[in-house]
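Student: Hi! Could we go through this model together?
Tutor: Happy to, here it comes.

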Amino acid sequence: MKRQLVFIPIASDELDMLVGGVAVDGRAAYTVTPELMAELEYDEDETEDAEHAAMVLASVAGLAAHGERVVVVAEVDPSLVRPGEDPANGQVQLTQCPPSAMIAWFAEEPGVDVADAAAIAKGMTIDQAWAQPQVQELLENHDLLWNDKVEYHGGS
């Protein structure tokens with residue numbers, strides 16, 4: 001069965017979703033949508049680049065919503081994905097996401113100060129936050145670190 005790669009922006013205290021401690025129901029996520037491919041002018045053979053873009057966009061959404069960049073990666077059944085409000089930025093709605101579909105998460109490198117970018121981005125849309133110099137500085141100078149799900153040992 002074909003799976004769809006999605007990126008779910010979360011708060012760090014929600015990482016227990018990796019082991020079923022936090023339910024994922026009706027949640028915004030980001031993926032490669034036809035609108036994202038068109039917006040970023042990606043060709044069909046640039047899916048990997050588009051997936052990276054969706055992850056970065058999810059991280060900006062997380063910065064605006066949670067004040068931090070933490071993104072869970074999942075491979076879900078496409079039937080669990082509904083259209084979102086901002087398809088040009090890859091947004092979709094996940095009706096649910098079982099922990100078994102979650103494969104990894106991205107998080108900030110220890111010691112990276114996101115306070116300025118988080119303060120300026122709070123409550124903004126992705127496009128508004130993207131336009132902020134503090135957010136651009138964070139994105140240009142600090143890549144998120146990939147963590148395999150098996151590295152998560154749970155507990156808040």
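**Overall fold**

Tutor: Residues 24 or more positions apart account for 74% of the contacts with a separation of 6 or more in this protein, a contact being heavy atoms within 4.5 Å. This is a predicted model, where local features need pLDDT of at least 70 and side-chain atom pairs count only at pLDDT 80 or more, while totals for chains, interfaces and linings use all residues. Residues are numbered from 1 along each chain as its sequence is written, and side-chain values use heavy atoms, leaving out hydrogens and water.

Student: Cool. How many helices and strands are there?
Tutor: The protein has five helices and seven strands; these are DSSP runs, helices being H or I with at least four residues and strands E with at least two, numbered from the N terminus.

Student: And which residues touch the most other members in the largest nonpolar core?
Tutor: Phe 7, Met 55, Leu 63 and Val 135, out of 27 residues. Such a core is a set of buried Ala, Val, Leu, Ile, Met, Phe, Trp, Tyr and Cys residues joined through side-chain atoms within 4.5 Å. α2 gives the most to this core, nine residues.

Student: New topic: where does Glu 108 lie?
Tutor: Glu 108 is in the loop between β6 and α3.

Student: Is Glu 108 buried or exposed, and why?
Tutor: Glu 108 counts as buried because its relative accessibility is 17%; buried means under 20% relative accessible area, exposed over 50%, partly exposed in between, with a 1.4 Å probe and protein chains only.

Student: Which residues is Glu 108 in contact with, beyond its neighbours within four places in sequence?
Tutor: Arg 69, Val 114, Leu 138, His 142 and Leu 144.
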